[in-house]
Amino acid sequence: MSAIQNNVEAASAEYSASFDKGHLALPPAKKYLVVTCMDARIDPARAFGIELGDAHVIRNAGGSAADALRSIVISQQLLATKEIVLVKHTGCGMLTFEHKDAVAVVKNNLGEKAVTELSEKVPNFLAFPDLDKAVVEDVDYLKKSNLVPEDVAISGWVYDVESGKTRRVV
Ligand SMILES: [Zn+2]
């Protein structure tokens, strides 16, 4: 086993030894969902005040609303969530490249067949050059979507990876 796999086993033993949340229901108790970045420096539960069982947390590169849409629809239509909190963050990797740059890296590392597959399965890496603007645009994307009901409250935020603070944008 790798060190990472060993870590999972050790953490599981410790976590389950005192685990007492096995009674929680499947639908989130506070009926909301959070979309945020997969960045390893973000601890959504602690930074955004989410207790176990409270909310769905959908993570992807950049905290992209478009990338999260499949999960958002499942969360809202099948599991009754009514509010969306979208959080991007300072120092995001998605601020550092453009789509064509990432395609070039894939081509160089994985070859031509991979690039063809990429164009079918990942037509856009959804990078963004302006953080606050990207938050506004993603909130707008969700508000305009027919897949998100009109009465769903949607807010957009920026988490600061240096201070740990979360600031509302929209
Ligand atoms: Zn990020």
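In the predicted model, Ser64 sits in the loop that links β2 (55-60) to α3. Its relative accessibility is 5%, so Ser64 counts as buried. A polar atom of the Ser64 side chain lies 3.3 Å from the backbone nitrogen of Ala66. Beyond residues up to four places away in sequence, Ser64 touches Val35, Lys88, Leu126 and Asp138.

Asp138 belongs to helix α6. The relative accessibility of Asp138 is 14%; because buried means under 20%, this residue also counts as buried. Sequence neighbours within four places aside, Asp138 is in contact with Gly63, Ser64, Ala65, Leu86 and Lys88. Lys88 thus appears among the contacts of Ser64 and among those of Asp138. Ala65, another contact of Asp138, is part of helix α3.

The two helices were examined next. Helix α3 covers residues 65-78, and helix α6 covers residues 131-144. Their axes come within 10 Å. The crossing angle is roughly 40 degrees. The helices are therefore oblique to each other. The crossing of α3 past α6 is right-handed. On the α3 side, the contact is formed by Ala65, Ala66, Leu69 and Ile72. On the α6 side, Asp138, Tyr141 and Leu142 take part. By class, the residues of this contact comprise six nonpolar, one charged and no polar. Asp is classed as charged, so Asp138 is the charged member of the contact. Ala66 has two roles here: it meets α6 as part of α3, and its backbone nitrogen lies 3.3 Å from a polar atom of the Ser64 side chain.

Cys37 lies in strand β1, which spans residues 32-37. At 4% relative accessibility, Cys37 is under the 20% cut-off and so counts as buried. Residues up to four places away in sequence left out, Cys37 touches Ile42, Arg59, Asn60, Ala61, Gly62, Gly63, Val87, His89 and Cys92. Arg59 and Asn60, both on this list, fall within the 55-60 range of β2. Gly63 is touched by Cys37 and is also in contact with Asp138. Cys37 and Gly49 are 12 residues apart in sequence. In space, their C-alpha atoms are 16 Å apart.

Ser16 is placed in helix α1, residues 3-17. Its relative accessible area is 46%, so Ser16 is partly exposed. The Ser16 side chain reaches the backbone oxygen of Ala13 at 3.5 Å. From Ser16 to Gly91 the separation is 75 residues in sequence. Their C-alpha atoms are 34 Å apart in space.

At the level of the whole chain, the protein has six helices and five strands. Along the sequence these elements follow the pattern α-β-α-β-α-β-α-α-α-β-β. The C-alpha trace spans about 50 × 50 × 35 Å along its principal axes. The chain has 170 residues, of which 32% are buried. Ser64, Asp138 and Cys37 belong to this buried set. Among contacts with a sequence separation of 6 or more, 66% join residues 24 or more positions apart. The contact between Ser64 and Asp138 links the loop between β2 and α3 to helix α6.

Notes: Residues are numbered from 1 along each chain as its sequence is written. This is a predicted model: local features need pLDDT of at least 70, side-chain atom pairs count only at pLDDT 80 or more; totals for chains, interfaces and linings use all residues. Side-chain values use heavy atoms; hydrogens and water are left out. Axes are lines fitted to C-alpha atoms, for helices over the stretch in contact, and angles run from 0 to 180 degrees between N-to-C directions. Helices (H or I, at least four residues) and strands (E, at least two) are DSSP runs, numbered from the N terminus. Angles under 35 degrees count as roughly parallel, over 145 as roughly antiparallel, 65 to 115 as roughly perpendicular and the rest as oblique. A crossing is left-handed if the near helix is turned anticlockwise from the far one by less than a right angle, and right-handed if clockwise. Contact means heavy atoms within 4.5 Å. Buried means under 20% relative accessible area, exposed over 50%, partly exposed in between (1.4 Å probe, protein chains only). A polar contact is a pair of N or O atoms within 3.5 Å; within protein, one must be able to donate a hydrogen and the other to accept it, and residues adjacent in sequence count only if both atoms are side-chain atoms.
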